[in-house]
Amino acid sequence: MNKYEDYKKAYERIELVYHSSFGSDNADLDKIKELIEKEKPMKPLKHKPKKVGYKYKEYSCPSCKNILLYEEQRKCDNCGQKIDL
Ligand SMILES: [Zn+2]
């Protein structure tokens with residue numbers, strides 16, 4: 001089981017308890033869910049090469065569109081999204 005599935009399982013257990021205590025207000029749960037979703041590896045977006053410094057970069061983060069600076073980058077340094085290479 002990968003980290004994402006592990007976190008998701010834990011989340012689902014917490015969600016049940018949360019709803020019985022706090023009803024349908026999801027504000028706190030949504031924040032946690034947002035964090036967990038960053039652990040799910042996503043394919044980077046490919047676009048026309050953009051010049052960054054002296055080099056051209058053609059991939060960006062699928063969540064926040066931040067340009068990925070390294071070919072082998074596995075996590076966005078802006079929002080923390082896991083990148084699936
Ligand atoms: Zn990002």
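A residue is buried if 20 or more other C-beta atoms lie within 10 Å of its own, and exposed if 12 or fewer do. Keep that rule in mind for the views below, which show a predicted model.

**View 1. Helix H1 is hardly covered.**
H1 takes in residues 3-22. How many of its 20 residues are buried? The count is zero. The length of H1 can be checked too. At 1.5 Å a residue, H1 should span 28 Å. Its end C-alpha atoms are 27 Å apart, so the model agrees with the expected span. Just after H1 comes Gly23, with a positive phi of about 70 degrees.

**View 2. Glu12 sits in helix H1.**
Is Glu12 buried or exposed? Glu12 has 9 other C-beta atoms within 10 Å. The cut-off for exposed is 12 or fewer, so Glu12 is exposed. Now look across to Tyr70, which is 58 residues from Glu12 along the chain. The C-alpha atoms of Glu12 and Tyr70 are separated by 34 Å.

**View 3. Strands E1 and E2 run antiparallel.**
E1 covers residues 45-52, and E2 covers residues 55-60. How many bridges join E1 to E2? There are five. Two pairs can be picked out here. Lys46 has Tyr59 in E2 as its bridge partner. Lys51 stands opposite Tyr56, also in E2. Like H1, strand E1 can be checked for cover. E1 is hardly covered, with a count of zero buried residues among its eight.

**View 4. E1 and E2 form a hairpin.**
Two residues lie between the strands. Which residue in this hairpin takes a positive phi near 65 degrees? Gly53 does.

**View 5. The chain is divided into domain 1 and domain 2.**
Domain 1 spans 1-40, and domain 2 spans 41-85. How far apart do the C-alpha centres of the two domains lie? They are 27 Å apart.

**View 6. Confidence along the chain is summed up by a mean pLDDT of 92.**
Of the residues in the chain, 99% reach 70 or more. Where is confidence lowest, and where is it highest? The lowest is in H1, at a mean of 91. The highest is in E2, at 94. Where pLDDT is low, predicted coordinates should not be read in detail.

Notes: Residues are numbered from 1 along each chain as its sequence is written. This is a predicted model: local features need pLDDT of at least 70, side-chain atom pairs count only at pLDDT 80 or more; totals for chains, interfaces and linings use all residues. Two strands pair if DSSP finds at least two bridges between them. Helices (H or I, at least four residues) and strands (E, at least two) are DSSP runs, numbered from the N terminus. The expected span of a helix is 1.5 Å times one less than its number of residues. pLDDT is the predictor's confidence in each residue, from 0 to 100. Domain bounds come from an automatic or database domain assignment.
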